[in-house]
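Biologist: I am new to this structure and should be grateful for a close look at one part of it. Please describe the helix packing, with the residues that take part.

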Amino acid sequence: MNAQNLSKRLEAVASFVPTGAVVADIGSDHAYLPCYLVHNGIVTKAIAGEVVKGPFESALRQVKLEGLQNNITVRLADGLKAVEKRDGVDTITIAGMGGPLIVSILEKSPEVLNGVTRLILQPNIHAKVIREWAIGNHWAILDEVILKEDDKIYEILVLQRGEMELTEQEILLGKQLMANKTDVFVEKWSKEINNWKRILNSIKQADHTTDIVKKREEVIHLIKLVEEALNNEKG
Ligand code: SAM
């Protein structure tokens with residue numbers, strides 16, 4: 001992967017960046033995503049934020065190598081602190097981290113989100129916590145994608161300002177993803193069910209303490225939610 005030739009995952013993230021947006025890519029690593037966005041004429045101005053020195057230096061090197069110093073500002077900062085008011089950022093991308101880390105980044109500096117109209121978030125795991133955060137913070141899901149690359153399955157959530165109501169099942173699986181029920185979606189959740197069934201089996205052998213009984217009920221409930229979604233007719 002490089003800035004000209006993005007991974008399928010980052011290409012899908014890029015496809016949701018509105019033309020002419022001012023983007024901040026938080027946790028940018030090599031800054032491949034912002035470089036790609038500029039090279040492809042999608043944006044002319046972007047911020048690449050990194051909290052770790054090594055990736056920050058890689059991002060600086062990459063931006064220089066591509067001759068994009070006038071378009072992309074690379075900053076060493078924790079999360080949204082990479083964004084300054086004068087940047088006029090309206091779109092934020094955060095990709096390649098777990099859902100809880102993405103949410104903690106969004107929660108740490110909420111004031112930075114004031115001028116932001118779109119969030120494109122790609123959690124590697126636990127997308128559920130992002131949907132919960134969105135509901136509680138007046139963001140609504142505009143689009144959702146699930147894709148597979150190199151044997152890993154990823155979800156991308158595109159949020160815009162607004163209110164939404166989701167059922168427990170939709171928070172876990174994604175309303176739009178449930179409606180489309182692609183092969184990748186079915187694969188992901190069939191694997192989860194198998195994992196949960198393995199957990200149930202191992203719990204069977206454990207002592208029946210209150211905690212174990214509670215865990216067992218939780219896992220049975222999750223299996224039921226997901227099996228219902230998988231068995232429903234394609235919406
Ligand atoms: N976004 C790229 C992608 O999707 O390919 C890189 C993903 S890489 C697995 C995660 C990056 O996020 C790392 O470079 C890490 O240093 C950075 N990161 C983690 N926590 C961060 C934070 N609080 N603020 C900024 N960057 C962070």
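Modeller: The account below takes two helix pairs in turn.

The model is predicted, with local features requiring pLDDT of at least 70 and side-chain atom pairs pLDDT 80 or more, while totals for chains, interfaces and linings use all residues. Residues are numbered from 1 along each chain as its sequence is written, and side-chain values use heavy atoms, leaving out hydrogens and water.

Helix H8 (residues 183–205) packs with helix H9 (residues 210–231), where helices are DSSP runs (H or I, at least four residues) numbered from the N terminus. Their axes, lines fitted to C-alpha atoms over the stretch in contact, are 10 Å apart and meet at an angle of about 155° on a scale from 0 to 180 degrees between N-to-C directions. H8 and H9 are therefore roughly antiparallel (over 145 degrees). The crossing of H8 with H9 is left-handed (the near helix is turned anticlockwise from the far one by less than a right angle).

On the H8 side, the contact (heavy atoms within 4.5 Å) involves Phe 185, Val 186, Trp 189, Ser 190, Ile 193, Trp 196, Lys 197, Ile 199, Leu 200 and Ile 203. H9 contributes Ile 212, Lys 215, Arg 216, Val 219, Ile 220, Leu 222, Ile 223, Val 226, Glu 227 and Leu 230. By class, the residues where H8 meets H9 comprise 15 nonpolar, 1 polar and 4 charged. Here Ala, Val, Leu, Ile, Met, Phe, Trp, Tyr, Cys and Pro count as nonpolar, Asp, Glu, Lys and Arg as charged, and the others, Gly among them, as polar.

The second pair joins helix H4 (residues 99–108) to helix H5 (residues 127–136), at an angle of about 30° and with axes 7 Å apart. That angle makes H4 roughly parallel to H5 (under 35 degrees). H4 passes H5 in a right-handed crossing, the near helix being turned clockwise. From H4, the contact draws on Gly 99, Pro 100, Ile 102, Val 103, Leu 106 and Glu 107. Facing them from H5 are Val 129, Ile 130 and Trp 133. The contact of H4 with H5 holds 7 nonpolar residues, 1 polar and 1 charged.

Key. Helix = DSSP H or I, 4+ residues; strand = E, 2+ residues; numbered from the N terminus. Parallel < 35°, antiparallel > 145°, perpendicular 65-115°, else oblique.
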